[in-house]
Amino acid sequence: MSTTSTAPMVTKEYSFYGVERLVDNSVTDFDLFISLERHFILYSGSGYKWNRMELNELLRAGHDQLYIRSQDLAKAAMYEAVVKLPMINRELAPPERIQHLEQVGAKFTQCLYEGDLTEACVEKARSLATAMTDCISEDRRCIQNLSGLADHDYYTYFHSVRVSAYSVAIAISLGLSDAALLNQIALGALFHDVGKKDVPQSLLNKSGPLTDAEWKIMRGHPEAGFGRLAESVLSHVPREIVLHHHERRNGLGYPHGLDKGSLLPEVQIATLADIFDALTSARSYQSKRSRYEALDFIRHKLLKEEVCPDSYRALISCLAA
Ligand SMILES: [Fe+2]
Ligand SMILES: [Fe+2]
């Protein structure tokens with residue numbers, strides 16, 4: 001260890017941070033310090049991009065320990081969790097790539113639920129959103145290869161990434177081709193239920209009907225998610241998707257009772273994707289429907305009044321043989 005006689009005292013404000021925890025070609029969203037003459041000197045500010053050569057040089061010079069402000073340890077934990085996630089293999093054909101995205105996206109969502117919503121987390125979500133848009137732009141029918149995982153315990157983690165995939169496919173079928181907008185839709189859908197971090201797991205997986213008090217907690221998740229994203233640099237469309245994905249075209253949704261005249265088309269796309277994935281997934285309180293049954297249910301119970309007919313037709317076109 002390099003930090004012997006010249007090391008500053010590690011206080012409550014600063015903790016050790018091993019250089020081996022830094023990953024080539026990654027960006028740290030927290031400050032790191034080096035010890036010089038028993039002082040903490042800023043070595044890399046938030047936003048610093050690391051490369052293998054520099055990491056090797058630090059180790060060679062004996063600086064295997066840097067220092068981090070203790071208040072940034074949660075950020076560092078999220079950085080380490082997301083940089084370990086595999087990169088999406090763009091060599092794969094879209095039907096296999098979407099399955100890879102589904103797995104990696106579910107692991108990402110698990111990190112998101114277990115840690116803090118940090119810049120590293122948003123950056124990883126952006127790269128997943130871009131990979132999603134690229135994959136579905138190549139072949140929108142690849143969404144047929146999404147799993148609809150049977151085990152409801154993992155529903156929460158897989159749900160958001162599938163809603164993201166369905167949303168992008170619907171948007172492309174509706175004629176949207178602007179990659180930046182498609183990325184925003186993918187990103188908003190990835191984060192759409194982030195407010196459920198504030199809902200107890202026991203409530204999310206409850207098999208019986210919810211009490212009025214429990215419904216109140218559950219229905220708070222769009223605003224809770226919007227609040228969590230307030231600090232992030234997400235643009236208007238993703239934030240609207242997070243806040244308004246439970247609104248309905250007849251104005252009977254929540255939290256604001258907006259109607260079809262006030263809801264962004266991108267939000268209505270995500271709403272349909274959200275409903276469709278919920279219907280086709282096994283949950284603690286329902287068995288999963290087939291895709292046909294889900295589409296039939298939407299057509300008879302929700303179309304026009306609650307969900308956008310154009311988006312519905314676009315979804316069918318992606319799922320048709
Ligand atoms: Fe939701
Ligand atoms: Fe959802």
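Begin with the whole protein chain in view, bearing in mind that this is a predicted model: a compact globule of 321 residues would have a radius of gyration near 20 Å, and the 22 Å of the protein chain agrees with that expectation. Turn the C-alpha trace along its principal axes, and the spans come to about 75 × 45 × 35 Å. Colouring by secondary structure brings out 13 helices and six strands, while colouring by burial marks 37% of the 321 residues as buried. If you draw the contacts with a separation of 6 or more, 73% of them join residues 24 or more positions apart.

Next, colour by domain. The domain assignment gives domain 1 as residues 14-73 and domain 2 as residues 85-319, and the C-alpha centres of the two domains lie 36 Å apart.

Now select the largest nonpolar core, which has 74 residues, and label M132, A165, V168, I170 and L272, the members that touch the most other members. Helix α5, residues 155-173, supplies the largest share of this core with eleven residues, and the core draws at least three residues from each of domain 1 and domain 2. As background for this view, nonpolar side chains in soluble globular proteins tend to be buried together. Centre on M132 and, setting aside residues up to four places away in sequence, you will find that M132 touches L101, S164, A165, V168 and A186.

Move from there to helix α6, residues 179-191, and pick out L187 within this helix. Is L187 buried or exposed? L187 is buried, because 26 other C-beta atoms lie within 10 Å, where 20 or more are needed for that label. Beyond its neighbours within four places in sequence, L187 is in contact with A125, R126, A129, L234 and P238. Add L128 to the selection as well: L187 and L128 are 59 residues apart in sequence, yet their C-alpha atoms are 8.1 Å apart in space.

Helix α9, residues 221-229, is the next stop, and its buried residues are H221, P222, G225, F226 and L229. Looking down the axis, you can see that they cover an arc of only 140°, and therefore they sit on the same side of α9. Show the surroundings too, for what covers these buried residues includes α6, α8 (212-218) and α10 (236-244).

For a view of strand pairing, select strand β3 (residues 32-36) together with strand β4 (residues 39-44), which run antiparallel and are joined by five bridges. The two strands form a hairpin with two residues between them, and E37 in the turn has a positive phi of about 50°. At the hairpin, L36 stands opposite H39 in β4.

The tour closes with some backbone details in loops. In the loop between α10 and α11 (265-279), select P255, where the peptide bond from Y254 to P255 is cis, with omega near 10°. Then go to N25, in the loop between β1 (14-18) and β2 (27-28); its phi is near 65°, a positive value in a residue other than glycine, and N25 counts as exposed because it has 10 C-beta neighbours inside 10 Å. Finally, select K304 in the loop between α12 (291-302) and α13 (309-319). Phi of K304 is near 70°, again a positive value in a residue other than glycine, and with 12 other C-beta atoms within 10 Å, K304 is exposed.

Key. Residues are numbered from 1 along each chain as its sequence is written. Chains are lettered from A and ligands numbered from 1 in the order in which they are written. This is a predicted model: local features need pLDDT of at least 70, side-chain atom pairs count only at pLDDT 80 or more; totals for chains, interfaces and linings use all residues. Helices (H or I, at least four residues) and strands (E, at least two) are DSSP runs, numbered from the N terminus. The radius of gyration is taken over C-alpha atoms; the globule rule is 2.2 Å times the number of residues to the power 0.38. Two residues are in contact if their C-beta atoms, placed from the backbone, lie within 7 Å. A nonpolar core is a set of buried Ala, Val, Leu, Ile, Met, Phe, Trp, Tyr and Cys residues joined through C-beta atoms within 7 Å. Domain bounds come from an automatic or database domain assignment. The arc is that of the directions from the helix axis to the C-beta atoms. Two strands pair if DSSP finds at least two bridges between them.
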